[in-house]
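Trainee: Could you take me through one part of this model closely, rather than touring the whole chain?

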Amino acid sequence: RGDWPRYLYGEQSYWTIVGADANPVEALVSEDGAVELGNARCSIEPFVWKDGRLITWSDVKPAQSLERGDLPIPSVAWGDLLQMTAWVEGDAKRSTLFVRYRVPPSARLYLAIRPLQVNTRWQFLKRTGGVVKISRIIYEDGRVDVDADEHIAINAKPQAFGATTNNIVDFLRKGALPNPQSIKDENGYASAAMRFDSNEVIISVPLNAPGPPNPESRIPNLDWSTKLDRVVIELPDKKIADSIRTNLAYILINRDGAAIQPGSRSYERSWIRDGSLESTALLRLGHPEEVRDFINWYAQFQYEDGRIPCCVGGAGADPVPENDSHGEFIYLIAEYYRHTHDRALVESLWPRIEKTVAAIDALRHQRMTKQYEGTAFYGLVPESISHEGYSAKPMHSYWDDFFVLRGLKDAAFLASELGGTTNYAAMRDEFERDLLASIKLSMQQHHIDYIPGAAELGDFDATSTTIALEPVGEENALPHDALLRTFDKYWEHALEPREYTPYEWRIVGSLIRLGEKDRALRLAHR
């Protein structure tokens, strides 16, 4: 135990990201101190030799922290044995990773270069975590060249170096290194290790364009402080304010140029759903420029018929229809306008907004024929898989319809702000009536007393219903007793021992909006 990352023992392994704002390449730092040198690349893992034995992550209790408590500059400490800190310098086009290690005088540091990612092996969307092939490693004159899926150059000046095709930790447990300074392995399992006899070591790795090694031990706080401190957040619990600022940094790091993305690995694509909500955070925290750039970038992928793609990746727009995306696009523009009053941007995008509303109207009219009269589907947009629970079979998801309503509300708002004659308010009101009638009919047909997730299922999903409150703002229009019952029903099992999903954080905000502060606090602490 300790020879391998904890995820190879079937244990969850948490990590954080380090990167430059808007740069497409981010490194990962595991909770145990291993560093993945870019997207799906190999990793460097620390080991310490002291008192005649090798110490690994499994022999200590690693502790994690951030510089200043909130900057995206993570450190991992193994008690007094090791402290490592990682940061990235650069910009959207060129960046370099720096990692600093400190050990006591009585210890010796080993850094192993391994064909393993920090990203866990059960992460599989878009790319698979776990093993990554290394076919060749060469060390010469303070530089290690690693040929993995991508070529990586590590700038370091160890006192000793050795490479092998076997488990490098077998050598380290003997306090030794293999002899070869270079190795080739057609199977892709090459690994190596560097030995350092000094108390402080800094290595650097260009993440995209080559950059010179930096011999200094300074950590660049100023740039991130400037970005994160535009809005002052004062709360009784400093950790909450710190967390808000840190997550602002993660939004900035995860984006690739103008493309706002929810993640760095499995979720390294731009969804309009995530992008619109992350943009709200950016706007509230003083970053309108990034939101403007995202709006203009995403708008170019609008289809000719006015529909908005749910997602844009390296191959372009995703053709999967998810009918919440159209409303989210309009909501995004309206949110930007509400914070900035940038009339010029709205005017420039108005033809796209009109096309989007027309697409929404065309979709809802597919369910306004004689065939659907008297059904819970009448006036809704067609079924889709926007709600992840319906990926196996598309449904008439109220998640879609709530966001469509949000979009129509904002289309009417923007039309009023521009002083035009377009009457989107009537369309908004008609759709709201159809949506509310559908919810009531679905409740009757399924004999339920809560807000259903989909019209045809009558299913219970409080995490989906949350968006009806925020950002849609329908808490006063929905059947009041059913709305309260939805979150009462959730609460019946909320605190039981179980696995929680990230989506459930939405419930905390909904409980507060419904006046249930005590429940919200208990759930948040859970």
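Mentor: What follows is a close look at helix α4 and its surroundings, with a short look at glutamate 322. The model is a predicted one, and everything below should be read in that light. Helix α4 takes in residues 272-284, which makes 13 residues, and from its first C-alpha to its last it reaches 18 Å, close to the 18 Å expected at 1.5 Å a residue. Its buried residues are Ile272, Arg273, Gly275, Ser276, Glu278, Ser279, Thr280, Leu282 and Leu283. As background to reading such a list, an α-helix has 3.6 residues a turn, so residues three or four places apart point the same way. The cover over the buried residues of α4 includes the helices α3 (238-254), α5 (288-299), α6 (325-340) and α8 (398-418), together with strand β18 (270-271). After α4 comes glycine 286, whose phi is positive, near 90°.

Arg273, one of the buried residues of α4, also leads to a residue elsewhere in the sequence, for it is among the contacts of glutamate 322. That glutamate lies in the loop between β20 (316-317) and α6, and α6 is itself among the elements that cover the buried residues of α4. Glutamate 322 counts as buried because its relative accessibility is 11%, which is under the 20% cut-off. When its neighbours within four places in sequence are left aside, glutamate 322 is in contact with Cys310, Ser384, Ile385 and Ser386 as well as with Arg273.

Definitions and conventions. Residues are numbered from 1 along each chain as its sequence is written. This is a predicted model: local features need pLDDT of at least 70, side-chain atom pairs count only at pLDDT 80 or more; totals for chains, interfaces and linings use all residues. Side-chain values use heavy atoms; hydrogens and water are left out. Helices (H or I, at least four residues) and strands (E, at least two) are DSSP runs, numbered from the N terminus. The expected span of a helix is 1.5 Å times one less than its number of residues. Buried means under 20% relative accessible area, exposed over 50%, partly exposed in between (1.4 Å probe, protein chains only). Contact means heavy atoms within 4.5 Å.
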